[in-house]
Structures are given as structure tokens and as C-alpha cells.
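Hello! Here are my notes from going through the model, set out as numbered points. I hope they help as you look around.

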Amino acid sequence: MSKGLSKLDVIALVIGAVIGWGSFYLPGNKFLPEAGVLNTAIGFLVGGVLIYAIQVGYHTMMFQHQEQGGEFSYTLVHLGKKHGFVVGWALSFCYLTLISLNATAVVLVLKEVLGSVSYGYLYTIAGYPVYLSEIGIGMGIIYLFYWINKRGLVLSMTFQKILIISLVATVFLLSMWMFYRSDRQQFYHQYIASYHFDFAAIIRVVAIIPFLFVGFDIVPQVMTDLGFSIKVATKVTLLATTVGVLIYNLLNLMTAFAYSPDQAKTLAWASGSAVLTHAGWLGFGALCIALFAAVVGGINGFLIASSRVVASLALYELLPGRYQQTNQYQVAENALKFVSLIAAVLLFLGREVILYIVDLSSLMAAVTYAYVCFISAGLAKRLVDRRLSQLGVVISFFFIGLLLVPGSPSQLGSISMGILVGWILLGLLYFKVTGNRK
């Protein structure tokens, strides 16, 4: 236990996965116009409690299961190969597509700082123009973190800690600056004095919690590399998730200090405009650095997680054996290369199509949560853990319902549903070919 990932490593990994592009853009695009400050905070509080119940199931899993593969191998061992494949297929989709989404977000960050970086028009797909320069930037950042990760977790986590410490420190400092520099009287009248409890608005925030918090479950994928006990790991994961909730709300507050809901929704990047107005170009530059850290930290975290899932699928002969082979740094380099290549190829679809695909990541994550909590409910030794795991199953199906039930505030669109059907059919075909191997 003297070597391995530190507590700070795990905190940085989870925060990097949880905090992404949306945390900086949703305050103006969704949170303030639809829910304001207090209803958004309540939505995150409710969502955090729901995620905690699911985390109890993961806590039980990590105590019961100490081998590579996390949720995938846990399900395979207890429910068999078919169910294990469902979880592995879902996790692969969930993590891998988020690499591509974050890579496209790097281009958006550069646009905020440099202006246009779009050159070499190729085509338009789903109404989104695709440029050669944007694909090149995305591929470059994916390759950079492929190169870093193939040299081991020590180097990868050094970068991750630098990124996430910069992110957290910047958000906290800018929040304090905005508080002192803003018109607090105006903020009070717009968001506090006129506050009305809005259940529908709160549910709309809760509905996107699975998407926003995909990645809190990343710890099982590095469980064999932890340098401390599983008991501590679950507490550290809870702490990191709590910090994530706080950062979402601080970014929402920063925007609210500057704009009313009506003003915020008219701006392309309300949070950026708020900081630029009250903290100048220095503050705006710091916010862009924080945004870049969030996006790139997500790429790094999901590269680690997705390559671990692929290696585990290979270990159980659901993928070719070469994907579990490790290099001199004990990294499954072929698996890392595979997910990096797929993530890079997805960039040719353009950000809009990738967003349709990523919409499914919440569903894939919720399916995984349901499996883990179902198994943990039968294995947990303490009554409270069994009950919370059972609750985790209910919550997981609640999240699934929010995504699939017609009329739900976060119902998947027809394009996303078509992609879902295609992914299921592809999985069935692949398992039919490979699943009979011993």
C-alpha cells in the first residue's frame, strides 16, 4: 500500500470527469433561465443525495471485488457473461464518446480566446460545419494524452492534479471576486427576494444529473492502483463529488451576480461575459484556463477509464487478447491506442452528431448504476447498505425513465434513440460472434 494513487490523485480524477464544458455554459443556457439560483442549488442537492445512494452500491462493490474491470467484471462474476457484456458495452460507449466530446470542446475554448480557428471546410453534418483545423486540434489533444498515459499513471496523474488544482482554485477565487465586485442588491432582488419554489424547475435540473455526473464512478477502473484502503477511497469519491456540486453552483452564482435570467439567456457565454465585465481580461483569461483544465481533465480521466474497460473485456475474452497486454509502464497500451483511435475518428462526425451520441451516455451510466446496486443489495453486510443499494436501483430506473419516458424533461430525441437502437443491435451481433468463447 506504499505505492499507488494518492487521495489527491483520486479527487483530481473524479473532479476532472465530473466538471466539464457544461458547467461553464449551462448557467446562462439553462440553469438561470429555467431554475434561477436557489432552485438550481436544490436540484443539485437532491441529485447529490441520489448519487450518494448509488455510491453506497459502489462502496459495497469495491469491498467485495478487488480485481481489474470494475463494474464490468463485478457484473460478469455475479450475473454471468451476458450481463457482464451489457455493462462493459455500456461503459465503453459512455466513457469513449465523452473523450471525443471534450476534444471538440477544446476547439470551443480556443475560439473564445483566439477567435476563429476554423479553416479547411470539409462538409456540414446535422447543421454543424466540420473543419479540418478543428479535427486536427481535437486529434492533437487526444494524441497528447495518449502519449502521456502510455507512460504510466504517475505522469498522467501529475498532469491531472495540475489541471484540477488550477480549475478549483480559479473558480473559488473568481467567485469571491465576483461577489465583492457585483451589485449584490440587484442580485438579492432578482434571485432571493422574488424566489418561488418551483418543483418542475428542480426536476429539470435533477433530470440532467446523470449526464453531469458521469465519471464519479471512474474510481473502480483504477481500484487496483489505489495506494490507500477501499474505505477511504469511497469517502474520497464522495468528497470529490461534493466539490463538483459546489463548483457547478459557484459558476451559476458567478453568472447570477452579473445578469438576470433574461439577460443571461441572450448571451453566447454568460459566465464568460460576467467575468470579463467585472474582472477584466485577466479574470476572463483565468476563467478560460479553468475551462481548458476542466475539458482536458475530462479527456485524461475518460481515456484512463475507457482503456481500462477495454483491457478488462479482453481479459475475459470479449475482445482480442492483445488489448490486455501491458507495456513496461504496466499500461494496456493497445487498449489505450484503440480508444484513442476511435475517439479521434468520431471527430469527423462533427460536434452536433457527437452531442446526439453523448446524450446516450447518461442512459448507459444509469444502466450500469442499476446493475451495480442490484448486485450490491444482495451482498452488502450492513442493513443500511442493503437498503441504500436497493434505493440505488430505484434511483437508477428513475434516471432511465427520465431519459426514455415520453414527455419527460430530459427525454432522448429521435436521433439519439436511433443511435441507441443501432448500438444495441451492434452489441447483440458482436456478442453473438464472441460471447460463446470460453
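1. Which side chain meets that of Lys161 in a salt bridge? The partner is Asp9, with an N to O distance of 3.1 Å. Please keep in mind that this is a predicted model. Lys161 belongs to helix 7 (residues 153–181) and Asp9 to helix 1 (residues 7–18), so this pair ties together parts that lie 152 residues apart in sequence.

2. The two ends of that bridge differ in burial class. Lys161 has 23% relative accessibility and therefore counts as partly exposed. Asp9, at 7% relative accessibility, counts as buried, because the cut-off for that class is under 20%.

3. In total, the structure holds seven salt bridges. As general background, side chains of opposite charge can pair when their charged atoms come close. Two further examples meet at Glu34, and I take them in turn below.

4. Glu34 and Lys30 are joined through their side chains in a salt bridge, at 2.9 Å from N to O. Here the pairing is local: both residues sit in helix 2 (residues 21–35), four residues apart, which is about one turn of the helix. Glu34 has a relative accessible area of 33% and is partly exposed, while Lys30, at 15% relative accessibility, counts as buried.

5. Arg204 also forms a salt bridge with Glu34, and the closest N and O atoms are 3.5 Å apart. This pair links distant parts of the chain, as Arg204 is in helix 9 and Glu34 in helix 2, 170 residues apart. With 27% relative accessibility, Arg204 counts as partly exposed. Through shared partners, the salt bridges join Lys30, Glu34 and Arg204 into one network.

6. Helix 9 is worth a second look for its packing. Two packed helices are described by the angle between their axes and the distance between the axes. Helix 9 (residues 199–207) packs with helix 3 (residues 38–64) at an angle of about 50 degrees, and the axes are 8 Å apart. The two helices are therefore oblique to each other, and their crossing is right-handed.

7. Which residues make this contact between helix 3 and helix 9? From helix 3 come Asn39, Thr40, Ile42, Gly43, Phe44, Val46, Gly47 and Leu50, and from helix 9 Ile202, Val205 and Val206. Sorted by class, the contact of helix 3 with helix 9 has seven nonpolar and four polar residues, with no charged ones.

8. Another helix pair you may want to display is helix 5 (residues 81–114) with helix 15 (residues 350–379). Their axes come within 8 Å and cross at roughly 145 degrees. Helix 5 passes helix 15 in a left-handed crossing. The contact of helix 5 with helix 15 has 19 nonpolar, six polar and one charged residues.

9. Is Met254 buried or exposed? This residue of helix 11 (residues 230–256) has 1% relative accessibility and so counts as buried. Leaving out residues up to four places away in sequence, Met254 touches Val171, Leu174, Ser175, Met178, Ala274, Val275 and Leu287. If you would like a distance to check in your viewer, the C-alpha atoms of Met254 and Ala270, 16 residues apart along the chain, are separated by 9.5 Å.

Conventions. Residues are numbered from 1 along each chain as its sequence is written. This is a predicted model: local features need pLDDT of at least 70, side-chain atom pairs count only at pLDDT 80 or more; totals for chains, interfaces and linings use all residues. Side-chain values use heavy atoms; hydrogens and water are left out. Axes are lines fitted to C-alpha atoms, for helices over the stretch in contact, and angles run from 0 to 180 degrees between N-to-C directions. Angles under 35 degrees count as roughly parallel, over 145 as roughly antiparallel, 65 to 115 as roughly perpendicular and the rest as oblique. A crossing is left-handed if the near helix is turned anticlockwise from the far one by less than a right angle, and right-handed if clockwise. Contact means heavy atoms within 4.5 Å. Ala, Val, Leu, Ile, Met, Phe, Trp, Tyr, Cys and Pro count as nonpolar, Asp, Glu, Lys and Arg as charged, and the others, Gly among them, as polar. A salt bridge is a side-chain nitrogen of Lys or Arg within 4 Å of a carboxyl oxygen of Asp or Glu. Buried means under 20% relative accessible area, exposed over 50%, partly exposed in between (1.4 Å probe, protein chains only).
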